[in-house]
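Please open the model in a viewer and follow the selections below in order. Each stop names what to select and then describes what is found there.

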Amino acid sequence: MLVDSHCHLDFPDFDEDRAAFMERAREAGVGLMVTISTRVRQFDRILAIAEAHDNVLCSVGTHPHNADEELDVTAEELVRLAQHPKVVAIGEAGLDYFYDKAPREAQAQGFRTHIAAARETGLPLVIHARNADNDMIAILREETDRGAFPFILHCFSSGAGLAKAGVELGGYVSFSGILTFRNSQALRDIAATVPHDRLLVETDAPYLAPVPNRGKRNEPAFVAHTAHVLAETIGLSDAETANLTTENFFRLFKKAPRDAAAR
């Protein structure tokens with residue numbers, strides 16, 4: 001079984017063929033999907049999708065792009081919303097200095113709020129990090145000193161330093177379709193250095209479809225292509241990599257029911 005640990009099933013890209021792509025995911029061996037929140041004020045949409053499908057779980061949080069719109073969201077509110085049985089993670093939150101859609105101060109403030117919620121709940125924080133390696137490392141180290149919290153560096157495309165620091169601080173690293181791109185050898189080299197027990201795979205659908213579907217709308221079934229390239233990168237078979245990343249998922253996402261995929 002494979003797990004798509006990060007997708008956005010509430011995005012309008014999926015409105016017209018939800019049943020079809022869910023079936024394709026099953027056929028590809030994807031037993032579980034986690035649909036990730038980008039705005040707490042739209043959490044009801046995320047939750048409705050998770051509640052409608054036994055094999056879909058969700059998170060609650062505010063993307064750094066929207067950080068300045070939801071600075072009123074408190075750690076206490078995140079903790080309260082996370083009590084729902086379908087919520088297995090906090091986020092996504094973090095720092096994005098590539099687009100800078102929200103002021104960096106707002107991104108950092110929101111990020112720290114989400115860290116506090118992850119620390120309180122014990123649920124993993126789904127971290128978005130782009131072009132912000134130094135500040136990300138600094139905040140992770142500072143906040144870990146205040147009290148450890150589980151986290152995952154999702155859709156990893158940063159430098160080796162961030163991957164190393166994340167692992168040293170107890171985090172996991174998730175790779176998306178970017179790993180399959182022809183010009184991503186440096187990223188594959190980083191993936192090869194991550195301890196096997198810290199690796200996950202994801203789609204970040206509807207974005208970043210892996211080869212051979214690059215340029216198309218991404219969907220959960222395509223996580224199999226990323227897992228295949230990860231397998232080649234770390235020297236394991238496809239089956240071994242599927243088992244490895246699935247076990248890693250359940251170790252990190254402790255609230256996720258193991259029997260959800262079988263329902």
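The tour of this predicted model begins with the sheet and then follows its strands and helices in turn.

**The sheet as a whole**

Select the strands and display them as a cartoon. They form an open sheet of eight strands in the order β1-β2-β3-β4-β5-β6-β7-β8, with parallel pairing. At the edges are β1 (2-7) and β8 (199-201), each of which pairs on one side only. From one strand to the next, the twist averages 30°.

**Strands β4 and β5**

Next, select residues 87-96, which make up strand β4, together with its partner β5; the two pair in the parallel sense over six bridges. Within this pairing, Gly94 in β4 has His128 in β5 as its bridge partner. Now restrict the selection to residues 125-130, strand β5, where five of the six residues are buried. Adding α4 to the two strands completes a right-handed β-α-β unit formed by β4, α4 and β5.

**The pair of helices α4 and α5**

Select residues 104-121 for helix α4 and residues 133-146 for helix α5. Their axes come within 11 Å and cross at roughly 35°, and the crossing of α4 and α5 is right-handed. Which residues of α4 meet α5? They are Ala108, Phe111, Arg112, Ile115 and Arg119. On the α5 side, show Met136, Ile139, Leu140, Glu142, Glu143 and Arg146 as sticks. Colouring this contact of α4 with α5 by residue class gives six nonpolar, no polar and five charged residues.

**Thr144**

Remain on helix α5 and select Thr144, which lies in it. Is this residue buried or exposed? Thr144 counts as buried because its relative accessible area is 18%, under the cut-off of 20%. Beyond its neighbours within four places in sequence, Thr144 is in contact with Phe149 and Leu169.

**Strands β5 and β6**

Return to the sheet and select residues 151-153, strand β6. Three bridges join β5 to β6, and the two strands run parallel. Val126 in β5 has Ile152 in β6 as its bridge partner. With α5 shown as well, β5, α5 and β6 make a right-handed β-α-β unit.

**Strands β6 and β7**

Proceed to strand β7, residues 172-175. Two bridges join β6 to β7, which run parallel, and the bridge partner of Leu153 in β7 is Val173. Select residues 160-168 to add helix α6, which together with β6 and β7 makes a right-handed β-α-β unit.

How are the side chains of a strand arranged? In a regular strand they alternate between the two faces of the sheet. In β7, Tyr172 and Ser174 are on one side, and Val173 and Phe175 are on the other. All four of these residues are buried, and both faces of β7 are covered.

**Strands β7 and β8**

For the last stop, select β7 with the edge strand β8, residues 199-201. These strands pair in the parallel sense over three bridges. Val173 stands opposite Leu199 in β8, and Ser174 stands opposite Leu200 in β8. Finally, add residues 185-191, helix α7: β7, α7 and β8 make a right-handed β-α-β unit.

Definitions and conventions. Residues are numbered from 1 along each chain as its sequence is written. This is a predicted model: local features need pLDDT of at least 70, side-chain atom pairs count only at pLDDT 80 or more; totals for chains, interfaces and linings use all residues. Side-chain values use heavy atoms; hydrogens and water are left out. Axes are lines fitted to C-alpha atoms, for helices over the stretch in contact, and angles run from 0 to 180 degrees between N-to-C directions. Helices (H or I, at least four residues) and strands (E, at least two) are DSSP runs, numbered from the N terminus. A crossing is left-handed if the near helix is turned anticlockwise from the far one by less than a right angle, and right-handed if clockwise. Contact means heavy atoms within 4.5 Å. Ala, Val, Leu, Ile, Met, Phe, Trp, Tyr, Cys and Pro count as nonpolar, Asp, Glu, Lys and Arg as charged, and the others, Gly among them, as polar. Two strands pair if DSSP finds at least two bridges between them. Buried means under 20% relative accessible area, exposed over 50%, partly exposed in between (1.4 Å probe, protein chains only). A crossover is right-handed if, with the strands pointing away from the viewer, the path from the first strand over the helix to the second runs clockwise.
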